[in-house]
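Reader: I have a protein here and would like a friendly walk through it, ending with a close look at one part. Here is what I am looking at.

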Amino acid sequence: MKTLHFTITIKAPVEKVWNTMLEDATYRQWTATFMPGSHFVGSWEKGSKIQFLGPDPKTGELGGMTSKIADSKLHKFVSIKHLGLVSGGIEDTTSEEAKQWVGFETYNFRDRGEETEVAVELETKDDFAQYMNEAWPNALKVLKEIAEK
């Protein structure tokens, strides 16, 4: 596993950035840079189950990750514990493939007055790090564009 870090400063109050990043409609917009059709099912509240889903490019079936919100403090941070995979609507937390995806993803929001700094830290498989290093900066640029409107 590799731990990756990404940061962006957005010219908007922390409440607006938080809402833009985590509300369903705008979440779908900025995460489309990872995969069109990306969305979540669940809640961002501490202890809640949440799934990050999208269409499998090969099969068209719904797939993604099953996770739990390890911690969440309004307008401050969200810590996500990835538990495994979802394939064809079925959760898998026990296979060797699923276990390779177990890790944390954290979003920190720092109020800088009229600006907000968003810092993302995530653990990812070594062979997925290059993709994430390309995709996350693009996703954060889209988040910035939406939040600054």
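How much area does the protein expose, and what share of it do carbon and sulfur atoms supply? Then please look closely at Trp 136: which residues does it touch, leaving out those up to four places away in sequence?

Author: Happy to. This is a predicted model, in which local features need pLDDT of at least 70 and side-chain atom pairs count only at pLDDT 80 or more, while totals for chains, interfaces and linings use all residues. Residues are numbered from 1 along each chain as its sequence is written, and side-chain values use heavy atoms, with hydrogens and water left out.

To your opening question: the protein exposes about 7,900 Å², and carbon and sulfur atoms supply 51% of that. Such areas come from the Shrake-Rupley method with a 1.4 Å probe, and for residues only the protein chains shown count as cover.

Beneath that surface are four helices and eight strands, with helices (H or I, at least four residues) and strands (E, at least two) taken as DSSP runs numbered from the N terminus. Their order from the N terminus is β-α-α-β-β-β-β-β-α-β-β-α. The C-alpha trace spans about 45 × 30 × 25 Å along its principal axes. Of the 149 residues, 42% count as buried, meaning under 20% relative accessible area (exposed is over 50%, partly exposed in between; 1.4 Å probe, protein chains only).

That brings us to the interior. A nonpolar core is a set of buried Ala, Val, Leu, Ile, Met, Phe, Trp, Tyr and Cys residues joined through side-chain atoms within 4.5 Å. The largest one has 34 residues, and Trp 136 is one of those that touch the most other members, alongside Met 21, Trp 30, Trp 44, Tyr 107 and Val 120. Elements giving two or more residues to this core include strand S1 (2-10), helix H1 (14-22), strand S7 (103-112) and helix H4 (129-147). H4 provides the largest share, nine residues.

Now your close-up. Leaving out residues up to four places away in sequence, Trp 136 touches Phe 6, Met 21, Trp 30, Phe 34, Glu 105, Tyr 107, Val 120 and Leu 122; contact here means heavy atoms within 4.5 Å. Several of these partners are far off in sequence, and the protein as a whole has many such pairings: among contacts between residues at least 6 apart, 53% join residues at least 24 apart.
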